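This report describes the fold of one protein chain, beginning with a single helix and moving outward to the sheets and the chain as a whole.

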Amino acid sequence: MAFYFDEPSRTFNEYLLVPGYSPETCVPAQVSLHTPLVKYRKGKEECPITLSIPMVSAIMQSVSDDRMAIALATEGGLSFIYGSQSIEDEAAMIGRVKDYKAGFVTSDANLSPDMALDDVVRLLEEHGHSTMPVTEDGSAHGKLLGIVTGRDYRLSRMDRSEKVANFMTPREKMIVAPDGTSLKTANDIIWDHKLNSLPIVDENDHLVALVFRKDYDSHKSNPDELLDSHKRYRVGAGINTRDYAERVPALVDAGADVLCIDSSEGYSDWQRFTLQWIRDHYGDEVKVGAGNVVDAEGFRFLADCGADFVKVGIGGGSICITRETKGIGRGQATAVIEVAKERNRYFEETGIYIPICSDGGIVYDHHISLALAMGSDFVMLGRYFARFDESPSNRVMINGSYMKEYWGEGSARARNWQRYDLGGDKRGLSFEEGVDSFVPYAGSLKDNVALTLSKVRSTMCNCGALTIPELQEKAKLTLVSSTSIVEGGAHDVMLRDTNTFASRASVDRDR
Ligand code: MZP
């Protein structure tokens, strides 16, 4: 006979945290949000990779590319670059994150000396940048011969066919700095010589990057930024259970710090084979998360297969229709609570702590606090990050409001069939498990993450916790009745802002 769980499966919205004692030392400024990303012998050794904030971005085409990864690592979180693209393209995105040096820009509008003023005007229109290095072959890293800025030409007086070589500021009149110069030194040179930009060149006088005066303030180092031992941003990468023998080496070579098997359902031999292949070829050197699972058995299986972290959640994603389509899944809160208990049992038995990630279904900012309190070490978010400037999708105007496109990996648009693969020769999506949608545009990642985390810190203080482990230890959680959920929002008043009234459920979501 089938097995029946005793409890109904519940979502985050059905729980609240009951405050604990807050001593006077428990203030948001003192809260640390550091949290382990991969398994380690807790109490005996340091975790090899620790996140500064408990947020990672979803392994999705509409969420995590190199730009998102840089923005999120700057704040202390981590992106998993989507795997539903060619191995070369995914590795190139990883490479761009690892090569990125805050404040050092690879020039995308470049000239060669035999180009004409007309080309300058065209590039200006295309890229909007008025500073254009002139290199021997017109490439971003060619031998530097000069530079053209708005001060070098006058459109009203010059012929459009005039050669760049005749009006550029030549190399011998330029101030440059050698490769390896720090951002601070570059900035000092810019100020000392009253420059707008400073080209960085290698020992052969080839252009490496440009540093701009206007960028300096926005690139002052951020105390939380997530860096590797070479001071490069950390980045994760999604993999699948089909082409790992080719994809994993390419991603590791490109510098990926951690991998994650991206699958809608992880309690399977396909994950076991993938993890085994990685352990056979790289030992413990390559860190890899697995999932998704929603119960103790699934966790135990992936832990025994060697997963470095385990992702929890099936069917709770905002764009996910897996529960409707296939009737599988579990309420996210119940899944996290059960998996966290099993994780703790596993730790008691083995001394190895395997972080768990609550993936999908975070609607309000306080759901992050609930997920952490219930035992998650970090959360993965798709819809949340898709709303920001840094997500890869288009911003569009719909009915007078800006929206960003957001589509599921199981939608016909993403066609990520490997995520739903159950073996066999058949390849391709046979039915959709995700939708193609819009989410309200919300501005910059930095501002939104800061606000979200200020709420998490504040909740933690209400619970008397200054760290995530302390929150997990001290949290007191209560189920709420459907009537008390109504009481939880503004009620029995007429809101001045009718839009807010029309979508009460959007306080955090649609900010
Ligand atoms: P959310 O933050 O938008 O609620 O959920 C994001 C999560 O949904 C992803 O991390 C992934 O686990 C899951 N996802 C992605 N695509 C689909 C789909 O097409 C999906 N069904 O469920």
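## Two sides of helix 2

In this predicted model, Glu 88 and Asp 89 of helix 2 are exposed. They lie on the other side of the helix from its buried residues, which are Glu 90, Ala 91, Met 93, Ile 94 and Val 97. These buried residues cover an arc of only 155 degrees around the axis, and they are therefore on the same side of helix 2. An α-helix has 3.6 residues a turn, so residues three or four places apart point the same way.

Helix 2 comprises the 13 residues 87–99; at 1.5 Å a residue it should span 18 Å, and its end C-alpha atoms are 18 Å apart, so the two values agree. Its buried residues pack against helix 1 (66–75), strand 5 (78–81), strand 13 (236–239) and helix 6 (244–254).

## Nonpolar cores

Ile 94, one of the buried residues of helix 2, also has a place in the largest nonpolar core. That core holds 105 residues, of which Ile 94 and Val 310 touch the most other members. Helix 10 (residues 332–350) contributes the largest share of this core, with seven residues. A second, separate core has 23 residues, including Phe 104, Met 168, Ile 190 and Ala 209. In soluble globular proteins, nonpolar side chains tend to be buried together.

Which residues are in contact with Ile 94, leaving aside its neighbours within four places in sequence? They are Ile 81, Val 235, Ala 237, Leu 251, Ala 254, Gly 255 and Ala 256.

## Two open sheets

One open sheet has four strands in the order 6-12-11-10, with mixed pairing. Strand 6 (104–105) and strand 10 (177–178) stand at its edges; each has a single partner strand, so one side of each is left without a neighbour in the sheet. Strand 6 runs antiparallel to strand 12 (residues 207–212), and two bridges join them. Within this pair, Val 105 stands opposite Leu 210 of strand 12.

Another open sheet consists of three strands in the order 7-8-9, with antiparallel pairing. Here the edges are formed by strand 7 (132–135) and strand 9 (169–170), each with a single partner strand, so one side of each lacks a neighbour in the sheet. Strand 7 is joined to strand 8 (residues 144–148) by four bridges, and the two run antiparallel. Val 134 stands opposite Gly 146 in strand 8.

## Strands 19, 20 and 21

Strand 19 (residues 395–398) and strand 20 (residues 401–407) run antiparallel and are joined by four bridges. Arg 395 has Lys 404 of strand 20 as its bridge partner. Two residues lie between the strands of this hairpin, in which Asn 399 takes a positive phi near 50 degrees.

Strand 20 also pairs with strand 21 (residues 436–440), in the antiparallel sense and over five bridges. In strand 21, Val 439 is the bridge partner of Lys 404. Lys 404 thus has bridge partners in strand 19 and in strand 21.

## The chain as a whole

The chain contains 16 helices and 22 strands. Its C-alpha trace spans about 85 × 60 × 50 Å along the principal axes. A compact globule of 511 residues would have a radius of gyration near 24 Å; the chain has 25 Å, which agrees.

Buried residues make up 44% of the 511 residues. Among contacts with a separation of 6 or more, 64% are between residues 24 or more positions apart.

Notes: Residues are numbered from 1 along each chain as its sequence is written. This is a predicted model: local features need pLDDT of at least 70, side-chain atom pairs count only at pLDDT 80 or more; totals for chains, interfaces and linings use all residues. A nonpolar core is a set of buried Ala, Val, Leu, Ile, Met, Phe, Trp, Tyr and Cys residues joined through C-beta atoms within 7 Å. A residue is buried if 20 or more other C-beta atoms lie within 10 Å of its own, exposed if 12 or fewer, and partly exposed in between; C-beta atoms are placed from the backbone. Two residues are in contact if their C-beta atoms, placed from the backbone, lie within 7 Å. The expected span of a helix is 1.5 Å times one less than its number of residues. The arc is that of the directions from the helix axis to the C-beta atoms. Two strands pair if DSSP finds at least two bridges between them. The radius of gyration is taken over C-alpha atoms; the globule rule is 2.2 Å times the number of residues to the power 0.38.
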